[in-house]
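These are my notebook entries on one protein structure. I set down what I looked up, in the order in which I looked it up.

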Amino acid sequence: MGAAIGYLVGALVHTLWPGATSCPFAYVMVGMGAFLAASTSAPLMAILMIFEMTLSYQAVLPLMLACVVAYFVARSRGEASMYEVTIKRHRDAGARLRLRLRGIRMRELIRPAETVLTLDATFDDISKVFLEYPVKYVYIVDAVGTYLGVVALQDIASAMHKGNDMTGRTARHVLREEFLQVITPDMSLTDALQRFMQHQGERLPAVDEDTRQLLGVVHKSTLLDACVQLCELPRVS
């Protein structure tokens with residue numbers, strides 16, 4: 001914009017007084033500097049940039065005058081610089097992001113649980129699940145689906161390594177009832193992330209807070225995908 005105006009002014013002046021004025025491109029440079037000084041509120045930067053582009057000492061004085069005048073005119077009108085506008089847009093985008101993060105609830109990220117057995121599951125049943133799925137825990141429920149705890153792959157592997165006879169044993173004998181790292185449907189994204197920070201696995205069981213019914217699982221990868229999508233701030237034009 002500043003360059004176009006500068007060229008038009010320069011062409012007009014050069015047409016009227018061709019012997020007493022500079023070529024139109026000189027006005028273009030001065031106009032560019034004035035526009036840059038006004039839009040960025042940084043007249044010294046504009047002067048140095050234009051001078052580095054032209055290396056013309058003849059244009060320094062008019063460039064300095066134009067940049068300083070443009071800066072004070074812009075500031076007198078109360079116009080914000082492009083940097084201030086950019087900062088404000090990023091700040092507003094960050095505020096919107098935080099609101100969206102606070103609004104996410106885990107019920108939106110719950111997936112069906114495939115590694116679920118009952119208390120009466122035999123050692124063979126448990127082993128088949130661990131062989132079929134690359135997981136560390138099998139979730140144990142009662143006859144009505146109430147979450148009771150987990151059977152850990154570590155415990156099964158340890159028993160096999162020690163040569164313990166698991167004949168007739170069921171999930172009841174190796175149940176970890178103290179496994180309380182669970183996700184609830186109304187849990188926020190922030191709380192769920194903190195819960196995963198305390199857990200080394202890839203997933204956590206989703207349990208109804210009132211009935212203790214096992215609703216499914218929440219995967220860490222799903223949680224991180226949601227964070228990535230939310231954290232992609234809109235580009236500032």
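**Entry 1: a pair of charged residues**

I began with aspartate 186, which has 48% relative accessibility and therefore counts as partly exposed. I note here that the model is predicted. I then asked with which residue aspartate 186 forms a salt bridge. The partner is arginine 107, and the closest N and O atoms of the pair are 2.3 Å apart. I next looked up where the two residues lie: arginine 107 is in the loop between helix H5 (82–103) and strand S1 (116–118), whereas aspartate 186 is in the loop between helix H7 (153–162) and helix H8 (189–197). The pair therefore ties together parts that are 79 residues apart in sequence. Arginine 107 is also partly exposed, at 48% relative accessibility.

**Entry 2: the other salt bridges**

I asked how many salt bridges the structure holds. I found 3.

Another of them joins arginine 172 to aspartate 120, with 3.5 Å between the closest N and O atoms. Arginine 172 lies in the loop between H7 and H8, and aspartate 120 in the loop between S1 and helix H6 (123–132), so this pair ties together parts that are 52 residues apart in sequence. I checked both residues for accessibility. Arginine 172 has a relative accessible area of 48% and is partly exposed; aspartate 120 has 55%, above the limit of 50%, so aspartate 120 is exposed.

A further bridge links aspartate 155 with arginine 176, and here the closest N and O atoms are 3.0 Å apart. Aspartate 155 belongs to helix H7, while arginine 176 is in the loop between H7 and H8, so the pair ties together parts that are 21 residues apart in sequence. I recorded 23% relative accessibility for aspartate 155, which counts as partly exposed.

**Entry 3: a buried valine**

Is valine 151 buried or exposed? I found a relative accessible area of 1%; buried means under 20%, so valine 151 is buried. Valine 151 is part of strand S3, which covers residues 147–152.

I then listed what valine 151 touches, leaving out residues up to four places away in sequence. Among them are Ile126, Phe130, Tyr137, Ile140, Ile156, Ala171 and Val174. Lys136 is on the list as well, and so is Val138. For valine 138 I also looked up the spacing: the C-alpha atoms of valine 151 and valine 138 are 5.2 Å apart, and the residues are 13 apart in sequence.

**Entry 4: a nonpolar patch on the surface**

I asked which residues make a nonpolar surface patch of about 270 Å². They are Leu65, Val69 and Val73. I located valine 69 in helix H4, residues 60–76. Valine 69 has 44% relative accessibility and counts as partly exposed.

**Entry 5: the whole protein**

I finished with the protein as a whole. There are 9 helices and 5 strands, and along the sequence they follow the pattern α-α-α-α-α-β-α-β-β-α-α-β-β-α. The protein has 237 residues, and 38% of them count as buried. About 14,900 Å² of the protein is exposed, with carbon and sulfur atoms supplying 60% of that area.

My last look-up concerned contacts with a separation of 6 or more. Residues 24 or more positions apart account for 55% of these contacts.

Note on methods
Residues numbered from 1 in each chain as written. Predicted model: local features only at pLDDT ≥ 70, side-chain atom pairs only at ≥ 80, totals over all residues. Heavy atoms only, no water. Salt bridge = Lys/Arg side-chain N within 4 Å of Asp/Glu carboxyl O. Helix = DSSP H or I, 4+ residues; strand = E, 2+ residues; numbered from the N terminus. Buried < 20%, exposed > 50% of the residue type's maximum accessible area, 1.4 Å probe, protein only. Patch = residues over 30% accessible without salt bridge, like charges linked within 9 Å, V, L, I, M, F, W, Y side chains within 5 Å. Areas by Shrake-Rupley, 256 points an atom, 1.4 Å probe, with all protein chains shown as cover. Contact = heavy atoms within 4.5 Å.
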